[in-house]
Amino acid sequence: MYVDCRGNILQTSPDPLAGLYIKSRNGKIHHVSIPSDSLAFQVGETTQIHSGGLLQATPHSRLQQPKRSDKRIAGYFHGA
């Protein structure tokens, strides 16, 4: 979901180059597109730590315009 500085919901990103980028195993950089009706979870580093390094996190970064707000929601899940 994209929201402007006034709280209006936008249908598309105001900056099509901003977002999540990952590096594949062959070193190629990919811009990740997350559908607007979806929620993405980043669990790579946690999985890497808990597996003792058996599973490796995907190198990633975010590209964002300067002075642009970035809202994140932190969620904590505990197994029963």
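**Exercise 1. Surface and burial**

Task: Work out how much accessible surface the chain has, and what share of that surface belongs to carbon and sulfur atoms.

Solution: The accessible surface of the chain adds up to about 7,600 Å². Carbon and sulfur atoms account for 56% of that area. Keep in mind that we're working with a predicted model here. Next, turn to burial: the chain has 80 residues, and 4% of them count as buried. Finally, look at contacts between residues at least 6 apart in sequence: 36% of these join residues at least 24 apart.

**Exercise 2. Tracing the chain**

Task: List the helices and strands, then write down their pattern along the sequence.

Solution: Start with the tally, which is one helix and five strands. Now walk along the sequence, and you get β-β-β-β-α-β.

**Exercise 3. Building the sheet**

Task: Find the strand order of the open sheet, and decide whether its pairing is parallel or antiparallel.

Solution: Some background before we start: strands in a sheet pair through backbone hydrogen bonds, in either a parallel or an antiparallel way.

- Step one: take β3 (residues 19-23) and β5 (residues 60-63), which pair in the antiparallel sense over four bridges. Along this pair, Gly-19 sits opposite Leu-63 of β5, and Tyr-21 faces Ser-61 of β5.
- Step two: take β3 and β4, which also run antiparallel and are joined by four bridges. Here Leu-20 stands opposite Val-32 in β4, while Tyr-21 has His-31 of β4 across from it.
- Step three: put the pairs together. The result is an open sheet of three strands in the order β4-β3-β5, with antiparallel pairing. Its edge strands are β4 and β5, each of which pairs on one side only. From one strand to the next, the twist averages 30 degrees.

**Exercise 4. The hairpin**

Task: In the hairpin of β3 and β4, say how many residues lie between the strands and which residue takes a positive phi.

Solution: Count the residues between the two strands, and you land on five. Then check phi: Gly-27 has a positive value near 90 degrees.

**Exercise 5. Phe-41 and its patch**

Task: Decide whether Phe-41 is buried or exposed, then say which residues form the nonpolar surface patch.

Solution: First, place the residue: Phe-41 is in the loop between β4 (29-32) and α1 (44-50). Its relative accessibility is 55%, and exposed means over 50%, so Phe-41 counts as exposed. Then look for the patch: Leu-39, Phe-41 and Val-43 make up a nonpolar one on the surface, and together they have about 350 Å² of accessible area.

**Exercise 6. Thr-47 on the helix**

Task: Classify Thr-47 by its accessibility and find its distance in space from Ala-57.

Solution: Thr-47 belongs to helix α1. With 30% relative accessibility, Thr-47 counts as partly exposed, because that class runs between the 20% and 50% cut-offs. As for the distance, Thr-47 and Ala-57 are 10 residues apart in sequence, and their C-alpha atoms are 7.3 Å apart in space.

Definitions and conventions:
Residues are numbered from 1 along each chain as its sequence is written. This is a predicted model: local features need pLDDT of at least 70, side-chain atom pairs count only at pLDDT 80 or more; totals for chains, interfaces and linings use all residues. Side-chain values use heavy atoms; hydrogens and water are left out. Buried means under 20% relative accessible area, exposed over 50%, partly exposed in between (1.4 Å probe, protein chains only). Contact means heavy atoms within 4.5 Å. Accessible areas come from the Shrake-Rupley method with a 1.4 Å probe; for residues, only the protein chains shown count as cover. Patches are made of residues with over 30% relative accessible area and no salt bridge: like charges are joined within 9 Å, nonpolar side chains (Val, Leu, Ile, Met, Phe, Trp, Tyr) within 5 Å. A salt bridge is a side-chain nitrogen of Lys or Arg within 4 Å of a carboxyl oxygen of Asp or Glu. Two strands pair if DSSP finds at least two bridges between them. Axes are lines fitted to C-alpha atoms, for helices over the stretch in contact, and angles run from 0 to 180 degrees between N-to-C directions.
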